[in-house]
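Biologist: I am new to this structure and would like a close look at a single part, the second largest cavity. Please describe the space itself, then what surrounds it, and then the contacts found elsewhere in the chain.

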Amino acid sequence: MGLGTALPTIVADFHASQWYSWPFTVFLAASAVGTVIGGRLSDIRGPALPLLVALPSFAVGLVIAAVAPGMGVLLLARVVQGLSGGVLIVSLYVMIARVYPERHRPAAFGALSAAWVVPALMGPLIAGLLTEHASWRWVFGGLAPLVCLGAGLLVPTLRRFGAPGADRAGARPGLPLAAAGAAAGVVALNWAAQQVSFLSLVVAVVGLVVLVPSLLHLLPRGTLRARPGLPVMVLSRGLLAGLFFTAQAFVPLSLAVVHGFSPSVAGVPLTVGSVGWSVGAFWQSRQRRLRREQIVAAGFVLVGVGVFALVWALPVWGVPWLVFGGWFVAGMGMGISVATTAVAVLSLSPETDRGFNSSALQISDMLGQALLVGAGGVVVSALAGDGAPTRGVLPLDLLVLVVVLSAAVMLLRAGRVKPV
């Protein structure tokens with residue numbers, strides 16, 4: 001959230017507007033590798049060790065970003081943060097699965113989302129104020145001590161957590177290599193899409209050749225075909241995250257460049273969306289009658305409502321204040337769907353596969369974001385002129401809206417089929 005607020009200023013300082021989407025892309029690609037490592041360690045050793053390693057490593061990535069002299073070092077810092085973040089989130093999911101019985105997991109994920117409320121209210125605002133009145137470097141550096149403090153506070157709890165999952169996890173050879181292949185494929189495709197040359201075509205083909213078999217190894221069988229049950233939940237997570245964050249990535253830029261908002265105010269919709277996320281997660285924790293596919297489909301529809309608001313808010317002729325209400329609704333859709341897919345995947349996973357399936361869910365999430373945010377950056381760069389991002393953002397948001405509603409229909413159809 002802090003990066004989204006500060007990024008327009010960062011790319012301006014580095015004279016690197018063509019790299020606008022890359023801090024998101026490399027973070028998410030690296031996160032794919034981190035999720036596999038975290039999932040495998042959690043299945044074999046339990047979640048305590050990866051948690052205690054991931055948090056200090058993330059702090060190191062923040063420090064590197066804070067002192068970055070150019071975009072290259074900043075991207076390196078985002079790789080370190082992505083690896084650590086991927087390990088962290090999967091370990092938390094496995095911890096929830098081991099501590100809470102199935103009937104309490106929706107409430108546990110609701111509580112996890114509720115922990116976002118204070119950071120969501122204050123984070124983008126503070127990031128905007130720091131960017132505007134001090135330096136964007138404090139957006140990264142100022143967080144590093146807090147991350148280390150959080151790691152220290154976890155130690156007493158993790159020491160009492162119990163024995164690790166030991167050697168009950170099944171053999172899954174080649175997972176880290178497949179994760180690295182998937183990350184490399186995503187980066188290659190994003191780079192090739194921003195170039196116009198024979199070399200870029202070759203890189204794109206190689207990227208696809210590496211990406212597709214890697215995904216087939218990393219995701220549950222039938223994911224790319226939206227098979228009912230676990231596969232469609234994993235696919236839905238990737239689609240929803242990719243579409244939501246693709247639309248959100250260009251909100252601060254449009255508000256700042258087109259409507260003249262200050263960095264602090266341009267980041268407020270990210271705060272509003274995060275609060276909506278927490279509200280949606282709390283709502284899903286109380287649902288017992290609706291099928292999981294119906295709940296996730298409702299989340300897609302709410303995200304569609306938010307994107308529709310962007311269509312009427314971001315253009316130069318639009319009403320910019322519509323983005324605040326619209327993005328609250330979109331955040332609700334994300335809170336509903338992200339928590340529900342997590343609960344569904346854990347309930348459909350045997351104990352020894354929770355780490356693998358949780359990492360598959362996160363890989364879908366992160367690579368969906370990396371592919372779609374990167375593609376969105378290409379669309380905006382190709383269609384927008386200098387100082388006129390709306391020429392690219394508006395068509396992008398219309399395309400996102402169509403795909404969101406199509407995915408909701410896909411889920412409703414999958415919900416009518418009994419999982420195999």
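**The second largest cavity and its surroundings**

Modeller: In this predicted model, the second largest cavity holds about 50 Å³ of space. Of the 11 residues that line this cavity, those closest to its centre are Val36, Arg40, Leu175, Phe356 and Ser359. Two elements, helix H2 (22-45) and helix H17 (354-383), each give two or more residues to the lining. By character, the lining residues divide into five nonpolar, three polar and three charged. Both domains take part, since domain 1 (1-171) and domain 2 (221-419) each supply at least three residues to the lining of this cavity. A search of the whole structure finds two cavities of 30 Å³ or more. Rolling a probe the size of a water molecule over the atoms shows where such empty space is left.

Helix H17 leads on to the salt bridges, of which the structure holds two. In one of them Arg237 is joined to Asp365, and the closest N and O atoms are 2.8 Å apart. This pair links distant parts of the chain, with Arg237 in helix H11 (residues 230-249) and Asp365 in helix H17, 128 residues apart. Arg237 is buried because its relative accessible area is 4%, under the 20% limit that defines a buried residue. Asp365, at 9% relative accessibility, counts as buried as well.

The other salt bridge brings together the side chains of Arg292 and Glu102, with an N to O distance of 3.7 Å. Here too the partners come from distant parts of the chain, because Arg292 belongs to helix H15 (residues 292-313) while Glu102 sits in the loop between helix H4 (71-99) and helix H5 (105-114), 190 residues apart. Arg292 is partly exposed, with a relative accessible area of 32%, and Glu102 is also partly exposed, with a value of 42%.

Turning to the rings, a search of the whole structure finds 11 aromatic pairs. One of these is formed by Trp136 and Phe140, which meet edge-to-face, 6.2 Å centre to centre and with 90° between the planes. Trp136 and Phe140 are both buried. Trp321 and Phe324 form a pair that is stacked, with 5.1 Å from centre to centre and 25° between the planes. The two partners of this stacked pair fall into separate classes, because Trp321 is exposed, with a relative accessible area of 56%, whereas Phe324 is buried, with a relative accessible area of 15%. Elsewhere, Phe244, Phe245, Trp277 and Trp327 form one aromatic cluster.

A last detail concerns the backbone. Most residues other than glycine have a negative phi. Ala226, however, has a phi near 60°, a positive value in a residue other than glycine. Ala226 lies in the loop between helix H10 (198-218) and helix H11, and at 17% relative accessibility Ala226 counts as buried.

Technical notes
Residues numbered from 1 in each chain as written. Predicted model: local features only at pLDDT ≥ 70, side-chain atom pairs only at ≥ 80, totals over all residues. Heavy atoms only, no water. 1 Å grid on protein atoms, 1.4 Å probe; cavity = no way out; pocket = protein on both sides within 12 Å on 5 of 7 lines; lining within 4 Å. Points joined across faces, edges and corners; volume = space filled by probe spheres on them. Helix = DSSP H or I, 4+ residues; strand = E, 2+ residues; numbered from the N terminus. Nonpolar A, V, L, I, M, F, W, Y, C, P; charged D, E, K, R; others polar. Domains from an automatic or database assignment. Salt bridge = Lys/Arg side-chain N within 4 Å of Asp/Glu carboxyl O. Buried < 20%, exposed > 50% of the residue type's maximum accessible area, 1.4 Å probe, protein only. Phe/Tyr/Trp six-rings, centres within 6.5 Å; stacked < 30°, edge-to-face > 60°.
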